[in-house]
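User: Could you zoom in on one part of this model for me and walk me through it? I'd like the surroundings as well, told as one connected story.

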Amino acid sequence: MREHAVVISGAGPTGLMLAGELALAGVDVAIVERRPDQGLAGTRAGGLSARTLEVLDQRGIVDRFLAEGQVAQVTGFAVTRLDISDFPTRHNYGLALRQKHI
Ligand SMILES: Cc1cc2nc3c(=O)[nH]c(=O)nc-3n(C[C@H](O)[C@H](O)[C@H](O)COP(=O)(O)OP(=O)(O)OC[C@H]3O[C@@H](n4cnc5c(N)ncnc54)[C@H](O)[C@@H]3O)c2cc1C
């Protein structure tokens with residue numbers, strides 16, 4: 001069995017992002033995932049929050065996501081819709097997405 005400097009348990013968004021960052025930093029990293037394939041029950045890609053868009057932007061990949069979705073004021077608290085268009089960020093909105101590969 002091959003050894004790695006870092007082994008990440010779980011190929012969800014957290015594990016994949018961490019693995020990507022470590023790989024970019026030149027760290028020998030592997031991911032182990034207990035699910036046998038990429039199939040999920042239901043959809044978990046209805047949309048992205050402003051903070052998620054900011055993080056993707058920091059990594060230079062936000063345009064790929066923006067191209068697939070619809071910018072909208074989707075932030076809410078309980079049943080109240082919040083308009084964050086005056087927030088001091090390049091992404092003062094949410095992104096409505098529909099998972100294409102389900
Ligand atoms: C119904 C639903 C809808 C959602 N919609 C959205 C949305 O529209 N937008 C959004 O931003 N977020 C959404 N979320 C939230 C989003 O899915 C989570 O925030 C995100 O998946 C968390 O990522 P994670 O990597 O921390 O955990 P997870 O996605 O749970 O990934 C953990 C991974 O680790 C694996 N694992 C666990 N234990 C082990 C083990 N012992 N060994 C190996 N592998 C293991 C699991 O199989 C899994 O693949 C939604 C969540 C749900 C449930």
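Analyst: Let's begin where helix α2 ends: Gly60 follows α2, and its phi is positive, near 80°. Helices here are DSSP runs of H or I with at least four residues, strands are runs of E with at least two, and both are numbered from the N terminus. This is a predicted model, so local features need pLDDT of at least 70 and side-chain atom pairs count only at pLDDT 80 or more, while totals for chains, interfaces and linings use all residues. Residues are numbered from 1 along each chain as its sequence is written, and side-chain values use heavy atoms, with hydrogens and water left out.

Now the helix itself. Its buried residues are Ala50, Leu53, Leu56 and Asp57, where buried means under 20% relative accessible area, exposed means over 50%, and partly exposed is anything in between (1.4 Å probe, protein chains only). These four sit on the same side of α2, because they cover an arc of only 120° around the axis; that arc is taken from the directions running from the helix axis to the C-beta atoms. What does this buried set pack against? The partners are β3 (47-48), α3 (62-66) and β7, with contact meaning heavy atoms within 4.5 Å.

Two of those helix residues, Leu53 and Leu56, turn up again in the largest nonpolar core, alongside Leu48, Val62, Tyr93, Leu95 and Leu97, seven residues in total. A core of this kind is a set of buried Ala, Val, Leu, Ile, Met, Phe, Trp, Tyr and Cys residues joined through side-chain atoms within 4.5 Å. As a rule, nonpolar side chains in soluble globular proteins tend to be buried together. Leu97 has its own list of contacts once residues up to four places away in sequence are set aside, including Leu48, Phe65 and Glu68.

Asp57 is the charged member of the buried set, so it deserves its own stop: it counts as buried because its relative accessibility is 17%. Leaving out neighbours within four places in sequence, Asp57 is in contact with Val62, Arg90 and His91. His91 is 34 residues away from Asp57 in sequence, yet the two are 9.0 Å apart in space, C-alpha to C-alpha. With Arg90, the side chain of Asp57 makes a salt bridge (3.1 Å, N to O), and this pair links distant parts of the chain, since Arg90 sits in the loop between β6 (80-81) and β7 (94-96) while Asp57 is in helix α2, 33 residues apart. A salt bridge here is a side-chain nitrogen of Lys or Arg within 4 Å of a carboxyl oxygen of Asp or Glu. Unlike buried Asp57, Arg90 counts as exposed, because its relative accessibility is 66%.

The helix also has a salt bridge within itself: the side chains of Arg51 and Glu54 meet at 2.8 Å, N to O. Both lie in α2 (residues 50-58), three residues apart, or about one turn of the helix. Arg51 is partly exposed at 49% relative accessibility, and Glu54 is partly exposed too, at 22%.

Stepping back, the count comes to five salt bridges by that rule. Another of them joins Glu33 and Arg35 (3.5 Å, N to O). The domain assignment, from an automatic or database source, gives domain 1 (1-36) and domain 2 (44-102). The centres of the two domains, taken over C-alpha atoms, are 26 Å apart.
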